[in-house]
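New to this one? Here's a quick briefing to read alongside the sequence and the 3D view.

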Amino acid sequence: MNTQNTPVHIKLWHRDFWLLSIASMLLTMSVYMLLPVMPVWLMEEENFSPQQTGLSMGAFAFGLYLFGVHCSWLVQHYRRNVVCMWAIAGVAAIVGLLWYIDSQRYEFVDFWVILLQRLMLGAAFGLAQMVLSSTLIIDTCESFQRTEANHSASWFSRFALSLGPLTGLLVVQYVDFTAVIWTSVALALVSLLLVKWVTFPFRAPEDYLHVASLDRFFLPQGSLLFVNLLLISMAVGLMISLPLEPRFYALVMAGFLLALLAQRFVFRDAELKSEIISGLILLLGSQLVLLLVPVSPLAPVLVGLSVGIIGGRFLLFFIKLSRHCQRGTSQSTYFLGWETGLALGVAIGIAYGHGQPQRVLCMAIVLSAVSLLLYHFFTHSWFLRNKNR
């Protein structure tokens, strides 16, 4: 059967699920709100070149992988919610480090300090989100609800792509960059409190624990899907690297809401291939509109609509590729593909397209077109041959 529909169970939306989903959204917002404002601060206040700024923002992508191979060992050797809370606390502390750096006005901060800060922020954020998505959220749900739980919880993190940058731009516009830092820290700490309010029963670890493994980290049989998602999110990251107004990100949220309606009604029983193809065509359309009519409100709505459609379906594809007991690993692989591409897209857009929005959008269009061709001619048929669910 080449259609797929995710059922809705009201009983899924219990207190613990709400708390963890909102925690995931707030944590992602705390990181995303730095995306549009931190590059400006680095170039205008700290005298970084666009290339140095791009490398600094891109270091986040490499940090995501630092704790990945140890994720399974950590959540079994220590209590899984404690690992998550310590990682979230790390996010708050590492973002807070920017306040100390920003307060040293008598000298410019060294490039390597910011590079290390972004690398460690990626590491802490990556560990926190991998534990949240691969373990904690799954543990709060009945087995027959877990696909729906993964799909629904991912939407909360997706909303952060709109709410995070929007919050950052508004705070820096009406206050200053220091206020952005403290708002980001506050969001991370609230996320930590929400996780702490959820009670997780003790679970005995496995008899033989491997300190390093791919469990809860990366799904090897999803490599082609990972590459395809990476290219798509890079195109989105390139767009985020542009100097966009707060209204743009507010309208992205409108697109997300349309995507939710489209998934429920338009693509409810549609042929499986149509959803990703439609999403990529919409993404290409948003980039062309932004290139030709930069002030059009249509572009951000199309961005939200396309990202919502594509992101939701790719996540379900990763789940269907996973074997028994690999659901958590599929979540982490999806997370890594999305976040890596987004960070690299922002980095490339700043380093090689600063002040040249047409060049950035042309790169985004090329990546989206390549992603469309790759999915149409290779990825979809490969997925149908290799899916396990």
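Below is a short tour, going from the whole chain down to a pair of serines.

Keep in mind that this is a predicted model. It's a helical affair: the protein has 14 helices and zero strands. Its radius of gyration is 20 Å, close to the 21 Å that the globule rule gives for 389 residues, so the protein is as compact as a globular protein of that length.

**Overall build**

- If you walk along the chain from the N terminus, the elements read α-α-α-α-α-α-α-α-α-α-α-α-α-α.
- Laid out along its principal axes, the C-alpha trace spans about 55 × 45 × 35 Å.
- Take the contacts between residues at least 6 apart in sequence: 89% of them join residues at least 24 apart.

**Inside and outside**

- Out of 389 residues, 60% count as buried.
- The accessible surface adds up to about 16,100 Å², and 68% of that belongs to carbon and sulfur atoms.

**Charges**

- There are 23 positive side chains and 19 negative ones in the protein.
- The centres of those two sets sit 12 Å apart.

**A look at Ser-133**

- You'll find Ser-133 in helix α6, which covers residues 111-139.
- Is Ser-133 buried or exposed? Its relative accessibility is 16%, and the cut-off for buried is under 20%, so Ser-133 counts as buried.
- Which residues does Ser-133 meet, once neighbours within four places in sequence are left aside? The answer is Ile-138, Asn-150 and Gln-331.
- The side chain of Ser-133 also reaches the backbone oxygen of Gln-129, at 2.8 Å.
- For a sense of distance, Phe-202 lies 69 residues from Ser-133 in sequence, and their C-alpha atoms are 18 Å apart in space.

**A look at Ser-306**

- Ser-306 belongs to helix α12, made up of residues 298-321.
- With 0% relative accessibility, Ser-306 counts as buried.
- Setting aside residues up to four places away in sequence, Ser-306 touches Gly-279, Leu-282 and Leu-283.

**To take away**

- In short, you're looking at a protein of 14 helices and zero strands, with 60% of its residues buried.
- Both serines on this tour fit that buried group: Ser-133 in helix α6 has 16% relative accessibility, and Ser-306 in helix α12 has 0%.

Notes
Residues numbered from 1 in each chain as written. Predicted model: local features only at pLDDT ≥ 70, side-chain atom pairs only at ≥ 80, totals over all residues. Heavy atoms only, no water. Helix = DSSP H or I, 4+ residues; strand = E, 2+ residues; numbered from the N terminus. Rg over C-alpha atoms; globule rule 2.2 N^0.38 Å. Buried < 20%, exposed > 50% of the residue type's maximum accessible area, 1.4 Å probe, protein only. Contact = heavy atoms within 4.5 Å. Areas by Shrake-Rupley, 256 points an atom, 1.4 Å probe, with all protein chains shown as cover. Lys, Arg positive; Asp, Glu negative; His and termini not counted. Charge placed at Lys NZ, Arg CZ, Asp CG, Glu CD. Polar contact = N/O pair within 3.5 Å; in protein donor to acceptor, adjacent residues only side chain to side chain.
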